Amino acid sequence: MALDPKIRINLDRSVVLLVEQNSQAMDALTAMFRGFGVRKQFKAASGAEAMHIIKTQELDLIVVDAHMPDMDGYDLVRWLRREGPDNARFTPVIMLTGHAARSMVEKSRDSGANFVVSRPFTPEILLQRVFWVAKDERQMVVAEGYVGPDRRFKNMGPPLGIKGRRKDDLSTHVGAATDPNMDQSDIDMLLKPMKAQL
């Protein structure tokens, strides 16, 4: 799906933390977010660096690689959600992973990430996910075994016949919206309310 050129989203006041150990991947992410209009970016090559930035900066979005040597992205997001500073605990997180396996998607979701993007991805795909996260109105859940966005998508439950589906969920296959293999109709459905408001 091409982004509608009439849609104007201003990201120039957004503050983004990019957490990526690979310098080439970091350069690509930095260029993408600069292209999106994000002027203020913090970069971290490790979980420890990311934790320091999270403790000292006001952030609007965190984009983190799932696989890092010292502290992987899953552990970083779990730390953020459970032990991070109060003003940062519910900062939206996009997890980047090279593995689109369902187990990796679920691990990202269960760590408290808002959305998963699997590699390889284009700038357009990443920008669509940023828009989606910006419009996400799910409540944050604080429970003994989980802290993060409500894993149920309001009125968009799992596909028919899938365990966990509620009788009042809409008949849609978008319920697993953290699935990196969402098709175009999924993305269109998620972006439609945003386009209507702009």
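Here is a short conversation about a predicted protein model.

Reader: Happy to dig in! What is the mean pLDDT of the protein?

Author: Good place to start, as this is a predicted model. Of its residues, 72% reach a pLDDT of 70 or more. Residues 169-184 stay under 50, with 46 contacts beyond four places in sequence in the model. Residues 190-198 are also below 50, and that stretch has 18 contacts beyond near neighbours in sequence. For the protein, the mean pLDDT is 79.

Reader: Thanks! In what order do the five strands of the open sheet lie?

Author: The pairing in this sheet is parallel. Its edge strands, each pairing on one side only, are β2 (40-44) and β5 (115-118). Neighbouring strands are turned by 20° against each other on average, direction ignored. The order is β2-β1-β3-β4-β5.

Reader: Which residue of β3 is the bridge partner of Val19?

Author: Let's look at the two strands involved. Strand β1 (residues 15-19) and strand β3 (residues 61-65) run parallel and are joined by four bridges. In β3, the partner of Val19 is Val64.

Reader: At about what angle does α3 run to β4?

Author: Helix α3 covers residues 73-83. This helix lies across β1, β3 and β4 (93-97). Its angle to β4 is about 165°.

Reader: Is Arg81 buried or exposed, and why?

Author: Arg81 sits in α3. Leaving aside neighbours within four places in sequence, its contacts include Phe90, Val93, Asn114, Met140 and Val147. A polar atom of the Arg81 side chain also lies 2.9 Å from the backbone oxygen of Gly112. Because its relative accessibility is 0%, Arg81 counts as buried.

Reader: Nice. Why does Met104 count as buried?

Author: Met104 belongs to helix α4 (residues 102-111). Not counting residues up to four places away in sequence, Met104 touches His67, Tyr74, Thr97 and His99. The cut-off for buried is under 20% relative accessible area. Met104 is therefore buried, with a value of 19%.

Reader: How far apart are the C-alpha atoms of Met104 and Ser118?

Author: Along the chain, these two are 14 residues apart. Met104 is in α4, while β5 spans 115-118. The separation of the C-alpha atoms is 9.8 Å.

Reader: One more, please: what distance does α5 reach from its first C-alpha to its last?

Author: Helix α5 (residues 123-135) has 13 residues. Among its buried residues are Leu126, Arg129, Val130 and Val133. At 1.5 Å a residue, 18 Å is expected, and the helix comes close to that. Its reach is 18 Å.

Methods
Residues numbered from 1 in each chain as written. Predicted model: local features only at pLDDT ≥ 70, side-chain atom pairs only at ≥ 80, totals over all residues. Heavy atoms only, no water. Expected span 1.5 Å × (residues − 1). Buried < 20%, exposed > 50% of the residue type's maximum accessible area, 1.4 Å probe, protein only. Polar contact = N/O pair within 3.5 Å; in protein donor to acceptor, adjacent residues only side chain to side chain. Contact = heavy atoms within 4.5 Å. Pairing = 2+ DSSP bridges. Axes fitted to C-alpha atoms, helices over the stretch in contact; angles between N-to-C directions. pLDDT = per-residue confidence, 0-100.
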